Amino acid sequence: MSEIIIKTPAQIELMRESGRLLAKVFAYLDQQVKIGITTMEINDLVERYIVDELAARPASKGQYDYPYVLNSSVNEVVCHGFPDPKRVLKSGDIVNLDITLEKNGFIADSSKMYMLGEVSPLAKRLVEKTYQAMWQGIKLVKPGVRLGDIGNAIANFAHTNGYSVVREYCGHGIGEKMHEEPQVLHYGKRNTGVELKEGMTFTIEPMINQGAAKVKTKPDGWTVVTRDKKLSAQWEHTIVVTADGYEVLTLREEEIAIATV
């Protein structure tokens, strides 16, 4: 296992800028994600916006030979969904858009759920409870807390609400590379795992399933779906551990009140 990279104040400032720009991408998408758009059209809009408007780089494109700038995971797709020119978003769909952005050598990573048109109450509840599960983890972040505490809080919240937690995929350290140490599991035992220290940067990104936790990968080698074909949801933020707590580097404007409670 490679060592966890503690970021300097100067490096955190660069990551803060990457995170700020990535939040702008989602603000832009809030006006673009509508019934009738294809997931490939979303991909292309995001690429142009990151490159032309923000003078930044979509960090996912080319990473591990991935050909697109984002993951678009619709309904039963858990993660890593390929943008598709034939996948037209329709009323009732829920979709996770997972985007990375690199500026000045540092990467930010975030994802958001979108609900299209008339979404069923059960789907809406899953999306909302997954968002709350992510914040259950984020709000524990501070020096001295262990990663097992964060995973335990997320899983307990999900299970209490009748959902399962995907175990095959997790959050991760992030900085000059998209994936650094440590791995951030969304389940775990309290008082176990890596102890958080000021200057650590990582993602928290729980994937919560409506049904069973079991998943499978489609023949394209990327797209992960629920085995029982029930819905899955995910939210993600990039976090830095501060002297007395946390800062969400990818915080979106509408979330400021949540982060300061």
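This is a dialogue between a visitor and a guide about reading a predicted model.

Visitor: Let's start with hollows. What is the volume of the largest pocket, and which residues lie nearest its centre?

Guide: The largest pocket has a volume of about 470 Å³. Its lining has 26 residues, and those nearest the centre are Tyr-64, His-80, His-172, Met-178 and His-179. Strand E2 (70-74), strand E4 (94-103), strand E7 (171-173) and strand E8 (180-184) are the elements that each give two or more residues to that lining.

Visitor: How many of the residues in that lining are nonpolar, polar and charged?

Guide: The lining of the largest pocket has 10 nonpolar, 10 polar and six charged residues.

Visitor: And what about the second largest pocket?

Guide: That one has a volume of about 240 Å³. It is lined by 13 residues, with Val-77, Phe-82, Arg-87, Lys-218 and Thr-223 closest to its centre. Sorted by class, the lining of the second largest pocket holds four nonpolar, four polar and five charged residues.

Visitor: Now the inside of the protein. Which residues touch the most other members of the largest nonpolar core?

Guide: When you read a core, look for buried nonpolar residues whose side chains are joined. Here the largest nonpolar core has 34 residues, and Val-141, Leu-196, Phe-202 and Ile-204 touch the most other members. At least two residues each come from helix H3 (121-138), helix H4 (147-160), strand E9 (201-204), strand E14 (237-241) and strand E15 (246-248). H3 gives the largest share, eight residues.

Visitor: Could we zoom in on Val-141? Which residues is Val-141 in contact with?

Guide: Skip its neighbours within four places in sequence, and you find Val-141 in contact with Ile-150, Leu-196, Phe-202, Ile-204, Ile-239, Val-241, Gly-245 and Tyr-246. There is also a second, separate core of 25 residues, and Val-46, Leu-54, Val-95 and Ala-108 are among them.

Visitor: I'd like to look at helix H4. Is Ala-158 buried or exposed?

Guide: A residue counts as buried when its relative accessible area is under 20%. Ala-158 lies in helix H4, and its relative accessible area is 2%, so Ala-158 is buried. Apart from residues up to four places away in sequence, Ala-158 touches Tyr-163, Val-165 and Ile-208. Try Ala-155 too: this residue also sits in helix H4 and is buried, at 5% relative accessible area. With neighbours within four places in sequence left aside, the contacts of Ala-155 are Val-165, His-186 and Tyr-187.

Visitor: On to strands. How do strands in a sheet pair?

Guide: They pair through backbone hydrogen bonds, and the pairing is either parallel or antiparallel. In this model, an open sheet of three strands runs in the order E6-E10-E13, with antiparallel pairing. Strand E6 (164-165) and strand E13 (232-234) are at the edges with a single partner strand each, so each has one side without a neighbour in the sheet. Strand E10 (residues 207-209) pairs with E13 over three bridges, and Met-207 stands opposite Gln-234 in E13.

Visitor: Which strands does E14 pair with?

Guide: E14 pairs with E9 in the antiparallel sense over four bridges, and Phe-202 has Ile-239 in E14 as its bridge partner. E14 also pairs with E15, again in the antiparallel sense, over three bridges. Val-240 stands opposite Glu-247 in E15. E14 and E15 form a hairpin, with four residues between them.

Visitor: Which way do the residues of E14 point?

Guide: His-237, Ile-239 and Val-241 point one way, while Thr-238 and Val-240 point the other way. E14 is mostly covered, with five of its five residues buried.

Visitor: Last topic, the backbone. Where is there a cis peptide bond?

Guide: Look between Glu-181 and Pro-182, where omega is about 5°. Pro-182 is in strand E8.

Visitor: And which residues other than glycine have a positive phi?

Guide: Asn-75 is one of them, with phi near 55°. Asn-75 is in the loop between E2 and strand E3 (77-79), and is buried at 12% relative accessible area. Asn-191 has a positive phi of about 65°. Asn-191 is in the loop between E8 and E9, and its relative accessible area of 62% makes Asn-191 exposed.

Note on methods: Residues numbered from 1 in each chain as written. Predicted model: local features only at pLDDT ≥ 70, side-chain atom pairs only at ≥ 80, totals over all residues. Heavy atoms only, no water. 1 Å grid on protein atoms, 1.4 Å probe; cavity = no way out; pocket = protein on both sides within 12 Å on 5 of 7 lines; lining within 4 Å. Points joined across faces, edges and corners; volume = space filled by probe spheres on them. Nonpolar A, V, L, I, M, F, W, Y, C, P; charged D, E, K, R; others polar. Core = buried A, V, L, I, M, F, W, Y, C linked by side-chain atoms within 4.5 Å. Buried < 20%, exposed > 50% of the residue type's maximum accessible area, 1.4 Å probe, protein only. Contact = heavy atoms within 4.5 Å. Pairing = 2+ DSSP bridges.
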